[in-house]
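Subject: Structure handover

Hello,

Here is the structure I said I would pass on. Please open it and keep it beside this message while you read.

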Amino acid sequence: ARGAASGGGGKPASDRSAGPTAEQDLRAYYAAQQLFGPGAAAAKEYEDMWRALRTPLPVTVAVDLGRPRAAACKRRLAADGWAQRAELGAAALSVWELDGQRYVD
């Protein structure tokens, strides 16, 4: 059984705080790869990348148009604020998207 002394996570609290955070570790890993090269321009690219990684992704679902309740499902999605992806309609696909911001506190 885990006691209060372990601090959760299977390691004592003192062991967990000694190393880098997960984000620091990930940043160090990508910096070592030099994906964007060296210099100030690369630093800006990295900051843009980290900002994008923190941006919530939209939730996307596809409605199987061959199902008997597809029309009812599409009506419900529209009523609940989902948007149909128009660019996929030409391929006879019913793909719906909900902005990820809806689930961000």
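The notes below go from the whole chain to a pair of helices and then to single residues.

Whole chain

Please keep in mind that this is a predicted model. The chain contains 4 helices and 3 strands. Read from the N terminus, the order of these elements is α-α-α-β-α-β-β. Of the chain's 105 residues, 14% count as buried. The exposed area of the chain is about 8,100 Å², and 56% of that is supplied by carbon and sulfur atoms. Among contacts with a separation of 6 or more, 35% are between residues 24 or more positions apart.

Helices α2 and α3

Helix α2 covers residues 22–33 and helix α3 covers residues 40–53. Their axes come within 12 Å and cross at roughly 140°. That angle makes α2 oblique to α3, because only angles over 145 degrees count as roughly antiparallel, and 140° also falls outside the ranges for roughly parallel and roughly perpendicular. The crossing of the two helices is right-handed.

Which residues meet where α2 and α3 are in contact? From α2 they are Leu26, Arg27, Tyr30 and Ala31, and from α3 they are Tyr46, Glu47, Met49 and Trp50. By type, the residues of this contact divide into 6 nonpolar and 2 charged, with no polar ones.

The loop between α2 and α3 holds glutamine 34. The phi angle of glutamine 34 is near 50°, which is a positive value in a residue other than glycine.

Leucine 65 and lysine 74

Leucine 65 sits in the loop between β1 (59–63) and α4 (70–79). Is leucine 65 buried, exposed or partly exposed? Its relative accessible area is 43%, so leucine 65 counts as partly exposed, since that class lies between the 20% and 50% limits. Apart from neighbours within four places in sequence, leucine 65 is in contact with Ala70, Lys74, Ala92 and Ser94. Leucine 65 and serine 94 are 29 residues apart along the chain, yet their C-alpha atoms are separated by 7.0 Å.

Lysine 74, one of the contacts of leucine 65, lies in helix α4. Lysine 74 has a relative accessibility of 27% and therefore counts as partly exposed. Which residues does lysine 74 touch, not counting those up to four places away in sequence? They are Val63, Leu65, Gln84, Ser94 and Trp96. For lysine 74 and glutamine 84, which are 10 residues apart along the chain, the C-alpha atoms are separated by 8.7 Å. Ser94 appears in the contact lists of both leucine 65 and lysine 74.

To find this region on screen, start at leucine 65 in the loop between β1 and α4, then go to lysine 74 in α4.

Regards

Conventions:
Residues numbered from 1 in each chain as written. Predicted model: local features only at pLDDT ≥ 70, side-chain atom pairs only at ≥ 80, totals over all residues. Heavy atoms only, no water. Buried < 20%, exposed > 50% of the residue type's maximum accessible area, 1.4 Å probe, protein only. Contact = heavy atoms within 4.5 Å. Axes fitted to C-alpha atoms, helices over the stretch in contact; angles between N-to-C directions. Parallel < 35°, antiparallel > 145°, perpendicular 65-115°, else oblique. Left-handed = near helix turned anticlockwise from the far one by under 90°. Nonpolar A, V, L, I, M, F, W, Y, C, P; charged D, E, K, R; others polar. Areas by Shrake-Rupley, 256 points an atom, 1.4 Å probe, with all protein chains shown as cover.
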